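Reader: Please take me through one part of this model closely. Start at one position, then work outward to what surrounds it. Keep it brisk.

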Amino acid sequence: MSGSESPPPTAWTFTSASEEETAALGAAVGRSARAGAVIALVGNLGAGKTRIARAIAEALGVDPKLVTSPTFVLIQEYDGRLPVFHFDTYRLGSVDEFLDLGVDEYFEVGGVCLVEWADRVAGVLPQDVLRIEIDITDVSARTFRISAHGPLAQSMLDAVAVDVAESTRENG
Ligand SMILES: Nc1ncnc2c1ncn2[C@@H]1O[C@H](COP(=O)(O)OP(=O)(O)OP(=O)(O)O)[C@@H](O)[C@H]1O
Ligand SMILES: [Mg+2]
């Protein structure tokens, strides 16, 4: 193993019984977000990628009403305490089309990037990524598996786990 390889990702699982619990998780992720963060959202149609993206953006000071999945928009930009870039790659024709949007610049300007359907463009995402994988377990239940791939993502994951544990203690 060479010295430049990153350590294995660490992962953490959160079970959400309602949209409100998902929003609370998203708020913790938003509070943890640092300039340059890239958050990969993975999960089927209706899993909750946009729902958690909205909560993350809101915690960054963005008006949540702006955070939607409009049909033909691949990148939305919102003003928060950091700039927030919201990508929805569902209708993207190819990875080249994604690169042609100039995504590398978005990744590097010190904002927070939220990427829905991130698996479709996994090969061209930066190396340091916080991955949020969502499974639909019931009509209103979801399992979130959050894994850190890189030091920035790891610091965010550590902060989220502490934040969620503290709010759970406070709220019973
Ligand atoms: N626990 C939960 N967490 C999040 N969303 C939930 C939950 N329970 C039910 N839902 C519902 O699931 C749906 C999630 O929709 P959302 O648009 O966020 O999905 P998505 O993953 O972005 O889908 P798409 O791939 O179509 O963009 C919403 O209608 C929401 O009300
Ligand atoms: Mg969506």
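Author: Gly36 is partly exposed, because 16 other C-beta atoms lie within 10 Å, a count between the 12 that would still be exposed and the 20 that would be buried. This is a predicted model. Gly36 sits in the loop between α1 and β2. Leaving aside residues up to four places away in sequence, Gly36 touches Gly110 and Leu152. Another long-range pairing is with Tyr106: 70 residues separate Gly36 and Tyr106 in sequence, but their C-alpha atoms are 9.0 Å apart.

Step back to the helix before that loop. Helix α1 covers residues 19-32, and helix α5 covers residues 151-170. These two pack at an angle of about 135°, with axes 9 Å apart. That angle makes α1 oblique to α5, because only angles over 145 degrees count as roughly antiparallel. The crossing of α1 past α5 is right-handed.

Which residues make this contact? From α1 come Ala24, Leu25, Ala28, Val29, Arg31 and Ser32. They meet Met156, Ala159, Val160, Asp163, Val164 and Ser167 of α5. By class, the contact of α1 with α5 has eight nonpolar residues, two polar and two charged. The spacing within each helix can be read with a simple rule. An α-helix has 3.6 residues a turn, so residues three or four places apart point the same way.

Met156 deserves its own look. It lies in helix α5. Met156 is buried, because 24 other C-beta atoms lie within 10 Å. Beyond four places in sequence, Met156 touches Ser32, Ala33, Arg34, Ala37 and Leu130. Take Ser32 from that list. Met156 and Ser32 are 124 residues apart along the chain, yet their C-alpha atoms are separated by 5.1 Å.

Now turn to the other partner of α1. Helix α2 runs over residues 49-59. The axes of α1 and α2 come within 7 Å and cross at roughly 45°. The two helices are therefore oblique to each other. Again, α1 passes its partner α2 in a right-handed crossing. On the α1 side, the contact uses Glu19, Thr22, Ala23, Leu25, Gly26, Ala27, Val29, Gly30 and Arg31. On the α2 side, Arg51, Ile52, Ala55, Ile56, Ala57, Glu58 and Ala59 take part. The classes in the contact of α1 with α2 are nine nonpolar, three polar and four charged. Leu25, Val29 and Arg31 of α1 are in this contact, and they also appear in the contact with α5.

Is α2 mostly covered or mostly open? Mostly covered: nine of its 11 residues are buried. They are Lys49, Ile52, Ala53, Arg54, Ala55, Ile56, Ala57, Glu58 and Ala59. These buried residues pack against α1 and against five strands: β2 (38-42), β3 (75-79), β4 (83-88), β5 (112-116) and β6 (129-138). Just after α2, Gly61 takes a positive phi of about 95°.

Next, the ligand. Ligand 1 is surrounded by 18 residues, and the closest are Thr22, Gly48, Lys49, Thr50 and Arg51. Three elements give two or more residues to this shell: α1, α2 and β7 (141-149). The largest share, three residues, comes from α2. By class, the shell holds four nonpolar, nine polar and five charged residues. Thr22 is among the closest to ligand 1, and Thr22 is also part of the contact between α1 and α2. Arg51 is likewise in both lists.

Last, the loop between β5 and β6. Two of its residues, Trp117 and Asp119, are worth a stop. Most residues other than glycine have a negative phi. Trp117 is not a glycine, but its phi is positive, about 60°. Trp117 is buried, with 20 other C-beta atoms within 10 Å. Asp119 is partly exposed, because its count within 10 Å is 15 other C-beta atoms. Asp119 and Gly43 are 76 residues apart along the chain, and their C-alpha atoms are separated by 9.0 Å.

Definitions and conventions: Residues numbered from 1 in each chain as written. Chains lettered and ligands numbered in written order. Predicted model: local features only at pLDDT ≥ 70, side-chain atom pairs only at ≥ 80, totals over all residues. Axes fitted to C-alpha atoms, helices over the stretch in contact; angles between N-to-C directions. Helix = DSSP H or I, 4+ residues; strand = E, 2+ residues; numbered from the N terminus. Parallel < 35°, antiparallel > 145°, perpendicular 65-115°, else oblique. Left-handed = near helix turned anticlockwise from the far one by under 90°. Contact = placed C-beta atoms within 7 Å. Nonpolar A, V, L, I, M, F, W, Y, C, P; charged D, E, K, R; others polar. Near = placed C-beta within 6 Å.
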